[in-house]
Amino acid sequence: MYAFDYQRPTSRDAAKSAAAGADARYLAGGQSLIQAMRLRLSQSERLVDLGAIADLKTIKADASGVTIGAMATHASVASNADVKRIAPAIAELAGGIGDPMVRNMGTIGGSIANADPAACYPAGVLAFNATIHTDRRTIAADDFFTGLWETALQPGELITAVTFPAAQKAAYVKYRQPASRFALIGVCVAQTAGGVRVGVTGAKGRAFRATEIENALAKSFTPGAAKAVKMPTGGINADLHGSAEYRAAMISVIASRAVAAALAR
Ligand SMILES: Cc1cc2nc3c(=O)[nH]c(=O)nc-3n(C[C@H](O)[C@H](O)[C@H](O)COP(=O)(O)OP(=O)(O)OC[C@H]3O[C@@H](n4cnc5c(N)ncnc54)[C@H](O)[C@@H]3O)c2cc1C
């Protein structure tokens, strides 16, 4: 690990000041960043720890849905009564991330800022058409994930919260990579006021919407309709865990299981 300066501010403004004018990074749960630093894959002059900013941890419900503070841990999202009531699929998604230590340390803000191509939250954010709030603006889900570990965030931009609108029916199903517990393929299906949306993770360099399955589910919201879709293999990952053809086929299979889970809720 390279040497770095460490600051732990107690307000958003102090965090932004600490991050300004330096090669700084925010530190949330440290479940991705600290590993990358220990492996010397990431280097920063300064870490600005967000853990003492209480108002980044709140979860509240209102007419727009449920708004989850960036520093809410996966465990707190999984057990929160408002998330379970308004977006139970997101509570289940959070409860299936990693292991207890990861769930008690890792945060929603850190997960989506990190934009790991196999992370669970990005599929949920896309399917629910969530809104990402930062210290500067709001970002629509469709504009947020821009590439492999790349997002629309600008240097120093702080995610403050994520709003998930209520869905009529939704579920997230993950086909786990057994060693890491990340998604080999993860699919979140949500029937929303704006139509059916399907977010996929683990299959490409970034999470994406499976519009082919969305179109099929708009006509018939059934497991069979999802399973019948033959997903194109263009841009799909191929590695020792599975070929592009296998992963493409699994997107439809996992989507069909997500539809079945959503209908059973
Ligand atoms: C063993 C293991 C298993 C895991 N399994 C899964 C899994 O099954 N599914 C899954 O989705 N994830 C999994 N993860 C990843 C886990 O969810 C992490 O919590 C997540 O990737 C990063 O969140 P964090 O809060 O730890 O962020 P950190 O590691 O602290 O930060 C990650 C990045 O986000 C930036 N950042 C953090 N907060 C903000 C903010 N508010 N605004 C702007 N930038 C910010 C940081 O600067 C850094 O670049 C696993 C991790 C481990 C170690």
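**View 1. F144 and F145, two buried neighbours.** Both F144 and F145 are buried, meaning under 20% relative accessible area with a 1.4 Å probe and protein chains only. This is a predicted model, in which local features need pLDDT of at least 70, side-chain atom pairs count only at pLDDT 80 or more, and totals for chains, interfaces and linings use all residues. Residues are numbered from 1 along each chain as its sequence is written, and side-chain values use heavy atoms, leaving out hydrogens and water.

**View 2. The aromatic pairs.** The whole structure holds two aromatic pairs (ring centres of Phe, Tyr or Trp, the latter by its six-membered ring, within 6.5 Å; planes under 30 degrees apart are stacked, over 60 edge-to-face, the rest tilted). F128 and F164 meet edge-to-face, at 5.9 Å centre to centre and 85 degrees between the planes. Here F128 lies in the loop between α8 (121-127) and β6 (131-134), while F164 belongs to strand β10 (residues 159-164), 36 residues apart (helices, H or I, of at least four residues and strands, E, of at least two are DSSP runs numbered from the N terminus). F128 and F164 are both buried. For F144 and F145, the centres are 5.0 Å apart and the planes at 85 degrees, so this pair is edge-to-face.

**View 3. Charges over rings.** Take a look at Y2: the charged end of R40 sits over its ring, 4.4 Å from the centre. Likewise, the charged end of K204 sits over the ring of F208, 4.4 Å from its centre. The criterion is NZ of Lys or CZ of Arg within 6 Å of the ring centre and within 35 degrees of the ring normal.

Terms used. Buried means under 20% relative accessible area, exposed over 50%, partly exposed in between (1.4 Å probe, protein chains only).
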